[in-house]
Amino acid sequence: MLICTTPAEMQAACRHVRGSAHSLGLVPTMGALHAGHLSLVSAALTQNDAVAASIFVNPTQFGPNEDYAAYPRTFDEDCRKLTEAGVALLFAPTAADMYPSGNTTFVDPGPIATRLDGASRPGHFRGVATIVTRLFHIVQPDRAYFGQKDAAQAAVLRHIVRDLNLPVELVVCPIVREPDGLALSSRNRYLSAGERSRALALSRALAAAGDLAGHGETRAEALRAAMLSVFSVDAGPDAAPVRLDYAAVVDPDTLLPVADTSRGALLAVAAFIGATRLIDNLLIPAHEG
């Protein structure tokens with residue numbers, strides 16, 4: 001695996017790869033890789049002649065009181081995993097490379113960037129949209145791979161790809177979970193044993209609402225109530241701190257609330273488990289009949 005640290009190096013390496021490959025896939029990451037990331041690599045390898053990955057903890061998508069400085073960085077281990085997985089190119093720039101002195105250009109996705117995580121983390125999706133657009137420009141992939149766990153991010157990226165006519169196909173891959181249902185996340189390593197147990201409230205809330213939907217319930221209010229009931233039970237006096245950020249039933253493309261899920265919907269939750277903010281979601285298919 002060739003490791004490139006500057007945009008110019010990566011552009012040159014990608015041009016070389018595209019000279020002998022018919023298609024190039026990109027897996028953008030912030031590192032601290034787990035099986036969820038590697039599932040994206042696996043999908044990319046099955047659909048492309050060559051695969052590139054990036055590792056960059058993007059400062060512009062973190063708020064002033066968020067975990068940018070503490071975000072887990074496991075570069076050597078990440079490189080080993082990507083090499084063993086079959087990735088051809090790794091782009092690992094510095095913040096100064098991606099945001100040179102005097103940088104004033106950002107990508108603003110518009111109102112969609114203020115919904116779900118965008119409401120809780122102002123400016124977050126502006127940072128995401130900016131860095132992903134820059135990665136697309138540098139790598140020029142045929143396809144780019146993201147996880148369904150970041151459903152709001154996927155919706156924002158679909159929006160900018162459409163609006164800016166970017167020549168890349170977005171591929172959103174299924175959530176990878178632990179056997180007990182916890183969605184894999186690099187931030188899971190922040191959790192204590194007690195917090196790890198309490199974090200299951202997210203997947204349990206989605207399962208409760210999903211079960212209702214599976215039995216024909218299409219009222220968003222009822223599905224949201226099912227999610228909220230799980231967090232209410234998990235908020236007892238002896239519980240590790242669990243603070244709900246949001247539990248929402250929305251359109252998966254616009255992230256706007258829906259009242260009825262007959263045409264399909266996204267159930268999305270975010271909660272603080274102690275000091276760690278986790279997200280999870282479940283897609284509800286269109287109701288037949």
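1. A word on terms before we start: a residue counts as buried when its relative accessible area is under 20%. Cys-79 sits at 11% relative accessibility, so Cys-79 goes down as buried. Keep in mind throughout that this is a predicted model.

2. Overall build. The protein has 10 helices and 9 strands. For 289 residues, a compact globule would have a radius of gyration near 19 Å, and the protein comes out at 19 Å, so the two agree. Along the principal axes, the C-alpha atoms fill a box of roughly 55 × 45 × 40 Å. Buried residues account for 52% of the 289. If you take the contacts with a separation of 6 or more, 73% of them join residues 24 or more positions apart.

3. Cysteines. How many disulfides does the model have? The count is 0 disulfides. Cys-14 has its closest cysteine sulfur in Cys-4, at 7.1 Å, which is too far for a bond because a disulfide needs the sulfurs within 2.5 Å. Cys-79 is in no disulfide either, as the nearest cysteine sulfur, again that of Cys-4, is 12 Å away. Cys-14 has 0% relative accessibility and is therefore buried.

4. The H9/H10 pair. Helix H9 covers residues 200-214 and helix H10 covers residues 220-233; they pack at an angle of about 150 degrees, and their axes are 8 Å apart. The crossing of H9 past H10 is right-handed. On the H9 side, the residues that meet H10 are Ala-201, Leu-202, Arg-204, Ala-205, Leu-206, Ala-208, Ala-209, Leu-212 and Ala-213, and they face Ala-222, Leu-223, Ala-226, Met-227, Val-230 and Phe-231 of H10. Sorted by class, that contact has 14 nonpolar residues, no polar ones and 1 charged.

5. Backbone spots to look at. Most residues other than glycine have a negative phi. Asn-165 goes the other way, with a positive phi near 55 degrees. You'll find Asn-165 in the loop between helix H7 (151-163) and strand E6 (169-173). Leu-255 is not a glycine either, yet its phi is positive at about 70 degrees. Leu-255 sits in the loop between strand E7 (242-250) and strand E8 (265-273). Which of these is buried and which is exposed? Asn-165 has a relative accessible area of 66%, so Asn-165 is exposed, whereas Leu-255 has 2% relative accessibility and is buried.

6. Asn-58. This one belongs to the loop between strand E3 (50-55) and helix H3 (75-85). Loop or not, the relative accessible area of Asn-58 is 1%, so Asn-58 counts as buried. What does Asn-58 touch, leaving out residues up to four places away in sequence? The list is Met-30, Tyr-68, Tyr-99, Gly-127, Val-128 and Ile-131. If you want a distance for orientation, Asn-58 and Ile-112 are 54 residues apart in sequence, with 20 Å between their C-alpha atoms.

7. Gln-148. Here is another loop residue, placed between strand E5 (143-147) and H7. Gln-148 comes to 15% relative accessibility and is therefore buried. Setting aside sequence neighbours within four places, Gln-148 is in contact with Val-172, Cys-173, Pro-174 and Ile-175, as well as Leu-266, Asn-281 and Leu-283.

8. Pro-28. Unlike the loop cases, Pro-28 is part of strand E2, which runs over residues 24-29. Its relative accessibility is 16%, so Pro-28 is buried. Beyond residues up to four places away in sequence, Pro-28 touches Ser-54, Leu-135, Tyr-145 and Phe-146. From Pro-28 to Ala-8, 20 residues along the chain, the C-alpha separation is 17 Å.

9. Val-161. Last on my list is a residue of helix H7. With 11% relative accessibility, Val-161 is buried. Its contacts, not counting residues up to four places away in sequence, are Phe-136, Leu-166, Val-168 and Leu-170. The C-alpha atom of Val-161 is 27 Å from that of Ala-35, which lies 126 residues off along the chain.

Terms used
Residues numbered from 1 in each chain as written. Predicted model: local features only at pLDDT ≥ 70, side-chain atom pairs only at ≥ 80, totals over all residues. Heavy atoms only, no water. Buried < 20%, exposed > 50% of the residue type's maximum accessible area, 1.4 Å probe, protein only. Axes fitted to C-alpha atoms, helices over the stretch in contact; angles between N-to-C directions. Helix = DSSP H or I, 4+ residues; strand = E, 2+ residues; numbered from the N terminus. Left-handed = near helix turned anticlockwise from the far one by under 90°. Contact = heavy atoms within 4.5 Å. Nonpolar A, V, L, I, M, F, W, Y, C, P; charged D, E, K, R; others polar. Rg over C-alpha atoms; globule rule 2.2 N^0.38 Å.
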